[in-house]
Amino acid sequence: MADPVVKENPAGAEPRDEALFERFQAHGDRQALSELCARYQHFAYRVAYGQCGQVHLAEEAVQETFLQLTRGGSRFTDQGPDSFRAWF
């Protein structure tokens, strides 16, 4: 019998972004959401600051991005490794 698809990394490794997002969406796991925010906050800030060039606007854009993540994340579908990062 074939093994089921495993959404987590091997024992001891950090969970994939996609697995964390699924835990948040399906179960309201706030720790999973916190981990995603920690992983992506600097990336989001760099992108936002690069677009607007102003600290306060970049910070607001990052905040809005994470709010949208919690509201509209149902449109994300796991398409394999790094699919969350591409969607984000």
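Which residue forms a salt bridge with Glu-35, and how far apart are the closest N and O atoms? The partner is Arg-39, with the closest N and O atoms 3.0 Å apart; this pair appears again in Figure 3.

The model shown is predicted, so local features are reported only at pLDDT of at least 70 and side-chain atom pairs only at pLDDT 80 or more, whereas totals for chains, interfaces and linings use all residues. Residues are numbered from 1 along each chain as its sequence is written, and side-chain values use heavy atoms, with hydrogens and water left out.

**Figure 1. The largest nonpolar core and its contributing helices.** The largest nonpolar core contains 14 residues. Such a core is a set of buried Ala, Val, Leu, Ile, Met, Phe, Trp, Tyr and Cys residues joined through side-chain atoms within 4.5 Å. Buried denotes under 20% relative accessible area, exposed over 50%, and partly exposed the range in between (1.4 Å probe, protein chains only). The members that touch the most other members are Phe-21, Leu-36, Tyr-40, Val-62, Phe-66, Leu-69 and Phe-84. Two or more residues are given to this core by each of helix 1 (17-27), helix 2 (30-52) and helix 3 (55-72). Helix 2 supplies the largest share, 6 residues. Helices (H or I, at least four residues) and strands (E, at least two) are DSSP runs, numbered from the N terminus. With neighbours within four places in sequence left aside, Leu-36 is in contact (heavy atoms within 4.5 Å) with Asp-17, Leu-20, Phe-21, Phe-66 and Phe-84.

**Figure 2. Helix 1 and the residue that follows it.** The buried residues of helix 1 include Asp-17, Glu-18, Ala-19, Leu-20, Phe-21 and Phe-24. Glu-18, placed in helix 1, is buried with a relative accessible area of 4%. The side chains of Glu-18 and Arg-16 are joined by a polar contact of 3.1 Å. A polar contact is a pair of N or O atoms within 3.5 Å; within protein, one must be able to donate a hydrogen and the other to accept it, and residues adjacent in sequence count only if both atoms are side-chain atoms. Arg-16 and Glu-18 also form a salt bridge, the closest N and O atoms being 3.1 Å apart, and both residues are buried. Just after helix 1, Gly-28 adopts a positive phi of about 65°.

**Figure 3. Salt bridges around Arg-39.** A salt bridge is counted when a side-chain nitrogen of Lys or Arg lies within 4 Å of a carboxyl oxygen of Asp or Glu. By this rule the structure has 5 salt bridges. Side chains of opposite charge can pair when their charged atoms come close. Glu-14 forms a salt bridge with Arg-39, the closest N and O atoms being 3.4 Å apart. Because Glu-14 lies in the segment before helix 1 and Arg-39 in helix 2, this pair ties together parts that are 25 residues apart in sequence. Glu-14 is exposed at 55% relative accessibility, whereas Arg-39 is partly exposed, with a relative accessible area of 23%. Arg-39 also pairs with Glu-35; both lie in helix 2, 4 residues apart, about one turn of the helix. Glu-35 counts as partly exposed at 27% relative accessibility. A network of salt bridges links Glu-14, Asp-17, Glu-35 and Arg-39.

**Figure 4. Aromatic pairs in helix 2.** The whole structure contains 2 aromatic pairs. Rings of Phe, Tyr and Trp (its six-membered ring) pair if their centres lie within 6.5 Å; planes under 30 degrees apart count as stacked, over 60 as edge-to-face and the rest as tilted. The rings of Tyr-40 and Phe-43 have centres 6.3 Å apart and planes at 75°, so this pair is edge-to-face. Tyr-40 and Phe-43 are 3 residues apart in helix 2, a separation of about one helical turn. Tyr-40 is buried, with a relative accessible area of 3%, whereas Phe-43 is partly exposed at 23% relative accessibility. The rings of Tyr-45 and Tyr-49 have centres 5.9 Å apart and planes at 20°, so this pair is stacked. Tyr-45 and Tyr-49 are 4 residues apart in helix 2, again about one helical turn. An α-helix has 3.6 residues a turn, so residues three or four places apart point the same way. Tyr-45 is partly exposed at 29% relative accessibility, and Tyr-49 is partly exposed at 36%.

**Figure 5. Cysteine residues Cys-37 and Cys-52.** Cys-37 is partly exposed, with a relative accessible area of 23%. Cys-52 is likewise partly exposed, with a relative accessible area of 31%. The structure holds 0 disulfides (pairs of cysteine sulfur atoms within 2.5 Å).
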